[in-house]
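Hi everyone, thanks for coming. I'd like to walk you through one structure today, mostly by following its charged side chains. Have a look at it first.

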Amino acid sequence: MDSSIQVRRFEEEFARLRKRQRFELFGYSLLFLAVFHLAADFSQLTLERLAAGLPRIGEYLGKTLPEIKLASLFSDIGVWYYGFLKWLKLLGDTFLIALMATLFGAVGGFVLCFPASRNLAGHYWVYFTFRRIAEVARCVPEVVYALIFVVAFGIGPFAGFLALTIHTTGALGKLFAEANENIDERQLDGVRAAGGNWFETIRYAALPQVLPNFTTYTLWRLELNVRSAAIVGFVGAGGIGQELYQAISLNYYEDVSAIVLMVVVTITLIDLVCERIRHRIIGRESLQWA
Amino acid sequence: MGLSAASIDAAQLASLRERFPRAFSRTPRERAILIACLVGLSAFIVFCLVRFDASPARIVNGMERFGKIAGALFPPTPGEAFWDLVKAMLESVGMAFLGTLIAAVVAVPLGFLGARNVLPIQLLRFPIRRSFDFLRGVDALVWALVYVRAVGLGPLAGVLAIATTDVGIFAKLFAEAIENVERKQVEGVRAAGGNAVKTVRFGILPQVLPIMLSNVLYMFESNTRSATILGIIGAGGIGFALSDRIRAHRWDEVGFIIIMIIVVVALIDFVSHMLRTRVIKAGVNRPLIRMEDPVAPAAPAVEPGKAR
């Protein structure tokens with residue numbers, strides 16, 4: 001008897017739940033369709049335009065592929081990569097931009113992060129101001145900074161370096177500050193109780209706890225910066241991006257594929273190396289704690 | 001005992017210094033290494049600055065010009081084109097939305113193909129996974145430039161560019177999510193006689209859908225950021241207005257556009273963050289059936305033998 005009542009209740013409850021779920025699904029679908037329609041309207045996306053565009057993309061990408069025959073494999077590749085040394089040098093510039101920007105950005109983020117963390121800033125308004133500075137520096141895309149710095153400092157890698165540095169300072173400042181906020185507070189109290197001032201508290205209580213995090217974040221940022229450094233060249237901020245932009249604008253089809261391939265391979269290699277170093281740092285840390 | 005600060009004498013201090021040299025100062029060796037590192041670093045920085053063509057005169061002049069620009073950003077004004085700017089901003093958000101959506105739809109089947117537990121054949125999976133990496137490795141801005149050449153100026157190129165990069169990202173993330181599903185549920189559906197489609201639908205999809213949704217929302221957030229700059233190379237959205245104003249040196253309007261970008265991106269971040277926490281919560285503890293008045297505690301537990 002009991003069980004049959006339970007079964008009936010179960011069935012009723014189940015039916016009610018299903019009904020509500022269907023209702024919700026319907027509502028969300030309507031909302032979604034409305035947003036979709038609006039978005040399609042704003043970005044002028046229609047099926048005809050899409051249908052007209054897609055074959056042309058295939059055509060374009062087909063043109064960028066080099067003609068390589070098996071019989072003359074090496075000479076064909078040689079023709080394809082006629083500018084290999086020049087591109088390699090530009091890629092080197094791009095990597096230097098990323099490295100320098102990561103270095104200076106890490107120093108900037110390091111300076112910024114202590115007053116920007118809630119538990120170390122001391123005063124709420126100090127924390128608030130520095131946190132907002134970091135967020136604004138991080139919120140504006142690198143390319144926008146690059147556009148402005150190209151006007152101020154002239155075309156070339158220096159503008160790209162400055163643009164990436166500011167963005168990195170903001171991004172790392174925020175990440176570092178978040179790491180600071182998660183530390184063990186008792187060590188701060190310990191140094192303070194021993195008579196340490198603000199700098200000593202940070203040097204001997206906060207820093208040893210967060211330094212491994214800082215290192216991994218910085219390496220991770222280096223990976224992202226290599227990607228960005230290849231891009232800021234589009235607006236005249238040096239490196240391989242400038243060359244790629246020209247190749248695409250002037251329709252040097254085969255150059256496009258050659259340069260893109262070089263960039264992708266470089267990025268993948270740097271990612272792999274950074275990942276390995278990061279894992280090693282994390283691994284050593286966890287061994288120390290064990 | 002004998003080490004309290006008052007009772008320590010010079011001899012004890014000297015012996016302590018001898019026993020624990022690192023507690024007092026760096027050893028000469030460490031100091032030499034440190035100095036060498038600093039010198040090397042400085043040399044590297046100088047080399048880079050020379051390579052970047054950054055002469056002191058250039059830096060000073062640039063700083064001066066940059067100071068003027070930074071001053072001219074304020075007070076920000078929309079100029080005469082406030083509604084045009086709003087429309088361009090909405091176009092950017094629309095591009096991000098559609099690009100993310102298209103990528104998500106395309107990436108679901110690709111994600112299944114890239115997952116080890118769905119497609120166990122390494123030889124097929126390897127090229128699939130590498131092509132995800134390639135799509136991901138080329139930045140949306142590069143794709144946008146290519147698509148502008150192929151389909152012409154306008155937001156369509158931007159939508160396609162965002163979609164292309166995101167297909168690579170989503171397919172990789174989805175494949176990883178699918179690889180991490182709990183096997184028991186899959187086996188349960190199979191044991192109950194479900195075929196391959198039903199296994200995917202009832203065994204895998206309920207587990208990965210919340211993860212996928214939260215990834216998609218997160219990427220929408222980040223794509224809004226990218227969509228604001230795609231216009232710089234002619235792929236639609238607010239970026240076109242921005243680069244236009246920068247080239248014309250109308251800095252007060254540049255200031256306005258930058259502030260608009262920051263506000264809209266922060267807004268989208270907020271909404272997406274809210275939705276993501278809801279989606280994840282709903283995925284973790286969604287009650288299958290909620291009993292309104294639980295009978296269980298009062299009613300005697302049904303004994304297995306008597307139940308039927």
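So, let's start with a question: which residues are linked with B:Arg250 in a network of salt bridges? The members are B:Asp244, B:Arg245, B:Arg250 and B:Glu253. Before I go on, please keep in mind that this is a predicted model.

Let's zoom in on one link of that network. The side chains of B:Arg250 and B:Glu253 come together in a salt bridge, at 3.2 Å from N to O. How exposed are the two partners? B:Arg250 has 37% relative accessibility, so we call that residue partly exposed. B:Glu253 is down at 10%, so that one counts as buried.

Next, a pair inside a single helix. B:Asp133 and B:Arg136 form a salt bridge through their side chains, and here the N to O distance is 2.6 Å. Where do they sit relative to each other? Both are in helix 6 of chain B, and because they are three residues apart, about one helical turn separates them. B:Asp133 is partly exposed, at a relative accessible area of 24%. B:Arg136 is partly exposed too, with a relative accessibility of 25%.

Now for a pair that reaches across the chain. B:Arg225 makes a salt bridge with B:Asp269, and their closest N and O atoms are 3.1 Å apart. This one ties together distant parts of the chain: B:Arg225 belongs to helix 10 (residues 196–230) of chain B and B:Asp269 to helix 12 (residues 251–284), with their positions 44 residues apart. B:Asp269 has a relative accessibility of 19%, and the cut-off for buried is under 20%, so B:Asp269 counts as buried.

How many salt bridges are there over all chains? Searching the whole structure gives 22.

Okay, what about charged residues that are buried and have no such partner? Take B:Arg125, in helix 6 (residues 122–137) of chain B. B:Arg125 is buried but has no salt bridge, and the nearest side chain of opposite charge is B:Glu179, 4.8 Å away. Why doesn't that pair count? A salt bridge needs the nitrogen and the oxygen within 4 Å, so 4.8 Å doesn't qualify. Leaving out residues up to four places away in sequence, B:Arg125 touches several others, including B:Leu113, B:Arg116 and B:Pro120.

Over in chain A there's another case. A:Asp255 lies in helix 11 (residues 253–289) of chain A. A:Asp255 is also buried without a salt bridge, and A:Lys86, the nearest side chain of opposite charge, is 6.5 Å away. If we skip neighbours within four places in sequence, A:Asp255 is in contact with A:Tyr82, A:Trp87 and A:Ala247.

Last stop: where the two chains meet. On chain B, 66 residues are in contact with 66 residues of chain A. People often describe the size of an interface by the accessible area lost when the parts come together. Here the two chains bury about 6200 Å² between them, and 77% of that is on carbon and sulfur atoms.

How many salt bridges are there between chain B and chain A? The count is one. That salt bridge joins the side chains of A:Asp93 and B:Arg51, at 3.2 Å from N to O. On the chain B side of this contact, the residues split into 46 nonpolar, six polar and 14 charged.

That's my tour, thanks for listening!

Terms used. Residues numbered from 1 in each chain as written. Chains lettered and ligands numbered in written order. Predicted model: local features only at pLDDT ≥ 70, side-chain atom pairs only at ≥ 80, totals over all residues. Heavy atoms only, no water. Contact = heavy atoms within 4.5 Å. Buried area = accessible area lost by both parts, 1.4 Å probe. Nonpolar A, V, L, I, M, F, W, Y, C, P; charged D, E, K, R; others polar. Helix = DSSP H or I, 4+ residues; strand = E, 2+ residues; numbered from the N terminus. Buried < 20%, exposed > 50% of the residue type's maximum accessible area, 1.4 Å probe, protein only. Lys, Arg positive; Asp, Glu negative; His and termini not counted.
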